[in-house]
Amino acid sequence: MKIGIDKIGFATSNLYVDMTELAEARNVDPNKYLIGIGQSKMAVIPPSQDVVTLAASAASKILTADDKDQVELVLFATESGVDNSKSAAAYLSELLGLKANIRAIELKQACYGATAGLQLAKGHIALNPQSKVLVIGADIARYGLNTPGEPTQGGGAVALLVTANPRILALEEDASYLTKDIMDFWRPLGHMEALVDGKYSSNVYLDFFQEVFSAYQSKTGLQLQDFAALLFHLPYTKMGLKALRLAIGGADDQIATHLSHEFEAARSYNRQVGNLYTGSLYLSLLSLLENSDSLRAGQRLGLFSYGSGAEGEFYSGILQPGFERMLCGHAAALKARTKVSVAEYEQLYKAGLTLAADIDFDWQNDASAYVLTGIKANQRQYLAK
Ligand code: HMG
């Protein structure tokens, strides 16, 4: 039985900051951000949005009433959780109007979480082929204003509907994975912003990629020419480019050129959003599917997932007939966002760091269908408009 991704939805806020303007405000050559980091725009998440509302927006783009009836498991991957005990999946299930007799939990392993969700969903479907699993990867990346990590912030959510006989990508059996206790990026309890050893994290990412990709190749016998595209977790798009360059180093020119061409399609959306941690690899998948001019059913995609701390996995999937018809197109929504100035971004950023027990947010000016209106007596107040 084939199991995999039947539908993909994505949502971010309708605000962004321009990376040239951010570079100028930080006294940095804009090409450092545009080329050196590989980011053109960065999503700005207002306080009336969090991982729950972003996930609700992403999921509502793909779920029909029948899907909602068949979802038995919600796996909400995030490292930007809104509560230490109650899962974001519980809030989300209510906001989406899912039935009550489901399992709904939150998963965490930095940016790797959504891949864990996808592989666990596969197991669930193998045992329960009639059911569907909703996997979410939702995060808000925060390093702090004026930090080296600042140009690699962003935020948003990806929703994956995992089913038997999927219509987009069937997961293949083989995968290779690796976990090591590493201090490259972490966020201690009580911290709203991540701590990071930036250069070290980028080096560990590349080491993990090489190790799991080579293990995957040894296990399967597959070579570069067997992949129509390679996809990467994209904390900033230059990171994926560095990994791709390692993969294609010494490869036949035609294969290297083809994979590099596909990589440009795969980083188009990420370049305009920034890091959404758990969702980044899957935003890149969506970007490839919606922007590539050469993908065909039956082709194999290779996916590298990395989460600091650290865990990496390389796995693959086969594009299904008619996958194009399952895509809803996200380019127009990204283009229609409103640009905020650097000063407005800084003000929204600071407002989003609140730990207040009682507060109202300016949700009336938030165009999203799902908003966080405020916090009352430490209880989050969500609204589906
Ligand atoms: P930095 O020190 O500000 O930047 O930090 P830099 O000086 O290394 O410059 C970056 C690149 O820009 C360099 O290219 C420069 O040469 C180039 P590279 O050597 O890397 O190829 N550059 C220019 N290019 C063109 N024109 C110019 C110019 N000037 C410089 N004028 C760093 C960069 C990424 C370290 C920082 O932003 C950071 O710490 N980011 C956060 C950490 C991160 O994203 N790590 C990635 C791997 S870990 C991961 O992926 C997991 C994660 O998503 C979290 C999770 O798992 O939950 C982060």
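In the predicted model, Ala110 is buried, with a relative accessible area of 10%. The residue is placed in the loop that runs between strand 5 (103-107) and helix 6 (113-127). Its backbone adopts a phi near 45 degrees, a positive value in a residue that is not glycine. A positive phi of about 65 degrees also occurs at Asn146, again in a residue other than glycine. Asn146 belongs to the loop between strand 6 (132-141) and strand 7 (154-164). In contrast to the buried Ala110, Asn146 counts as exposed, at 60% relative accessibility.

Further backbone features are found at the turn that follows strand 12. Strand 12 (residues 300-307) and strand 13 (residues 311-319) form a hairpin with three residues between them. Within this turn, Gly309 has a positive phi of about 115 degrees, and the peptide bond leading from Gly309 to Ala310 is cis, with omega near 5 degrees. Ala310 is itself part of the loop between the two strands. The pairing of strand 12 with strand 13 is antiparallel and extends over eight bridges; Gly307 has Glu311 of strand 13 as its bridge partner.

Strand 12 also pairs with strand 11 (residues 229-232), here in the parallel sense and over four bridges. In this pairing, Ala229 stands opposite Leu301 of strand 12. Strand 12 is mostly covered, eight of its eight residues being buried. Arg300, Gly302, Phe304 and Tyr306 point one way from the strand, whereas Leu301, Leu303, Ser305 and Gly307 point the other way; residues of both groups are buried.

A separate open sheet consists of three strands in the order 3-2-14, with mixed pairing. Strand 3 (41-43) and strand 14 (338-339) occupy the edges and have a single partner strand each, so one side of each is left without a neighbour in the sheet. Strand 2 (residues 15-18) pairs with strand 3 in the antiparallel sense over three bridges, and Tyr16 has Ala43 in strand 3 as its bridge partner.

The structure holds eleven salt bridges. One of them joins the side chains of Lys7 and Asp67, with an N to O distance of 2.7 Å. This pair links distant parts of the chain, since Lys7 is in strand 1 (residues 3-11) and Asp67 in helix 4 (residues 65-70), 60 residues apart. Both partners lie under the 20% limit for burial: Lys7 is buried with a relative accessible area of 10%, and Asp67 counts as buried at 2% relative accessibility. Lys7 and Asp67 are furthermore linked with Lys132 in a network of salt bridges.

A salt bridge is also formed by Glu21 and Lys339, whose closest N and O atoms are 2.6 Å apart. Glu21 lies in helix 1 (residues 19-25) and Lys339 in strand 14, so this pair ties together parts that are 318 residues apart in sequence. Glu21 counts as partly exposed at 27% relative accessibility, as does Lys339 at 42%.

In the salt bridge between Lys376 and Asp360, the closest N and O atoms are 2.6 Å apart. Because Lys376 lies in strand 16 (residues 370-376) and Asp360 in strand 15 (residues 359-360), the contact ties together parts that are 16 residues apart in sequence. Lys376 counts as partly exposed at 40% relative accessibility, whereas Asp360 is exposed, with a relative accessible area of 58%.

Two patches were identified on the surface. A positive patch is formed by Lys32, Lys199, Lys242 and Arg245. Among these residues, Lys199 is located in helix 7 (residues 198-220) and is exposed, with a relative accessible area of 70%. A nonpolar patch of about 250 Å² is made by Met183, Trp186 and Leu195. Trp186 lies in strand 9 (residues 185-186) and is partly exposed, with a relative accessible area of 31%. Because residues of a patch must have over 30% relative accessible area, Trp186 qualifies for the nonpolar patch at 31%.

Note on methods. Residues numbered from 1 in each chain as written. Predicted model: local features only at pLDDT ≥ 70, side-chain atom pairs only at ≥ 80, totals over all residues. Heavy atoms only, no water. Patch = residues over 30% accessible without salt bridge, like charges linked within 9 Å, V, L, I, M, F, W, Y side chains within 5 Å. Areas by Shrake-Rupley, 256 points an atom, 1.4 Å probe, with all protein chains shown as cover. Salt bridge = Lys/Arg side-chain N within 4 Å of Asp/Glu carboxyl O. Lys, Arg positive; Asp, Glu negative; His and termini not counted. Charge placed at Lys NZ, Arg CZ, Asp CG, Glu CD. Buried < 20%, exposed > 50% of the residue type's maximum accessible area, 1.4 Å probe, protein only. Pairing = 2+ DSSP bridges.
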